[in-house]
Amino acid sequence: MLLEVVNVTIGYGKPLIEGINIRLEKPLLLQIIGPNGAGKTTFLKTLSGLAKPLKGHVLVNNIDITANPEAAGRFIALLPQLTTNKQMSVLPISVWEFVEIGARLCYRKRGREVSKEELRNSVREALKYVELDPSTWSKNVWRLSGGQRQRTLIARVIACNAPILLLDEPFSSVDPEGKIDITHLFRELKKEKIVIATCHDPEMLIEQTDLIMLMGRGYYTIGKPSEIMKSDTLRRIYGESIIEFANHIHICDYHA
């Protein structure tokens, strides 16, 4: 599997980051970090075909998927940031149904119809993978705790069986114990897939991370964690929000 970002400029009317070039061709975990408004979510939407770049192209296996969610859906599954509003909270949809519908849509984007048995197996394995107790499978997804709902959303992405996963803030609304469990999921996922995740706290996934993309203030850089997580590199993005103490670097929460 080969994912290429070729001279891409992201933004809406006005550029946020220009000239992004990335080439990923093996299973790994790429973590994207940067302050609010840096363009992290916009970049994930661009990779998934949901947002059109101001310039450049996104290709998977040499197929141009730029601004084409149908083409992108053949290879990519996206977990958006968790949002809950009053309209969504009254939808009578169970955990199982929520994951099943997402998986079915993914298969259709690939032009492939699946049998009921195959679909059931995909849903069941995904729910087991994220360690959601079977007692929750028939419950309304919007009545779950924040952590359980986030696991459901991750299961929905996993059930798609896509080779490339994009996850926007996968630890959102998850309690500390649940966060530890989810980090274990990433350890397994990155063995077989290209996983790209934005994260409010980069340390949560640092042990599983192969590459870090730092973005903000019209600038981006990408490299191994040991190359990126340095005070001089981080300061270019976060400025005076970087506080160094002994061997530790702290980024003020309201900028992270």
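Me: Helices (H or I, at least four residues) and strands (E, at least two) are here DSSP runs, numbered from the N terminus. In which strand is G223 found?
Reply: The model is a predicted one, and the protein in it has 9 helices and 12 strands. The strand that holds G223 spans residues 219-223. That strand is β10.

Me: Is G223 buried or exposed?
Reply: Beyond its neighbours within four places in sequence, G223 is in contact with D210, L211, I212 and I228. For one of these, I212, the C-alpha atom is separated from that of G223 by 5.6 Å, although the two residues are 11 apart along the chain. The relative accessible area of G223 is 5%, and buried means under 20%. G223 is therefore buried.

Me: What share of the 256 residues in the protein is buried?
Reply: The cut-off for a buried residue is a relative accessible area under 20%. C199, at 5% relative accessibility, counts as one such residue. Across the 256 residues of the protein, the buried share is 52%.

Me: Among contacts between residues at least 6 apart in sequence, what share joins residues at least 24 apart?
Reply: Contact means heavy atoms within 4.5 Å. Of the contacts in the protein between residues at least 6 apart in sequence, the share that joins residues at least 24 apart is 63%.

Me: Which two residues does the disulfide join?
Reply: The count of disulfides comes to 1. Its S to S distance is 2.2 Å, and with 55° about the S-S bond the link is right-handed. The pair links distant parts of the chain, 54 residues apart, with one cysteine in helix α4 and the other in the loop between α6 (146-158) and β7 (164-168). The residues joined are C106 and C160.

Me: What is the relative accessible area of C160?
Reply: Its disulfide partner is C106, which is buried with a relative accessible area of 13%. C160 is buried too, and its relative accessible area is 3%.

Me: How are α4 and α5 oriented to each other?
Reply: Two packed helices are described by the angle between their axes and the distance between the axes. The axes of α4 (residues 95-109) and α5 (residues 116-129) come within 9 Å and cross at roughly 120°, and the crossing is right-handed. An angle of roughly 120° falls outside the range of 65 to 115 degrees for roughly perpendicular and is not over 145. The two helices are therefore oblique.

Me: How many residues in the contact of α4 with α5 are charged?
Reply: On the α4 side the contact includes V95, W96 and E100, and on the α5 side it includes L119, R120 and S122. By class, 8 residues of this contact are nonpolar and 1 is polar. The number of charged residues is 4.

Me: Which residues does S122 touch, not counting those up to four places away in sequence?
Reply: S122 lies in helix α5 and, at 12% relative accessibility, counts as buried. Apart from residues up to four places away in sequence, S122 touches Y107, A159 and N161.

Me: How are α4 and α6 oriented to each other?
Reply: V95, F98, V99 and G102 in α4 meet T152, L153, A155 and R156 in α6. This contact has 5 nonpolar, 2 polar and 1 charged residues. The axes come within 8 Å and cross at roughly 30°, and α4 passes α6 in a right-handed crossing. Angles under 35 degrees count as roughly parallel, so α4 and α6 are roughly parallel.

Me: How many of the 8 residues of helix α1 are buried?
Reply: Helix α1 covers residues 40-47 and is largely enclosed by the rest of the structure. Its buried residues are K40, T42, F43, L44, T46 and L47. Of the 8 residues of α1, the number buried is 6.

Me: What is the phi of G49, just after α1?
Reply: G49 takes a positive phi at this place. The value is about 85°.

Me: What value is phi of E169 near?
Reply: Most residues other than glycine have a negative phi. N61, in the loop between β4 (55-60) and β5 (63-64), has a positive phi near 50° and is partly exposed at 33% relative accessible area. E169, in the loop between β7 and α7 (176-189), counts as buried at 14% relative accessibility. Phi of E169 is also positive, near 55°.

Notes. Residues numbered from 1 in each chain as written. Predicted model: local features only at pLDDT ≥ 70, side-chain atom pairs only at ≥ 80, totals over all residues. Heavy atoms only, no water. Axes fitted to C-alpha atoms, helices over the stretch in contact; angles between N-to-C directions. Left-handed = near helix turned anticlockwise from the far one by under 90°. Nonpolar A, V, L, I, M, F, W, Y, C, P; charged D, E, K, R; others polar. Buried < 20%, exposed > 50% of the residue type's maximum accessible area, 1.4 Å probe, protein only. Disulfide = S-S within 2.5 Å.
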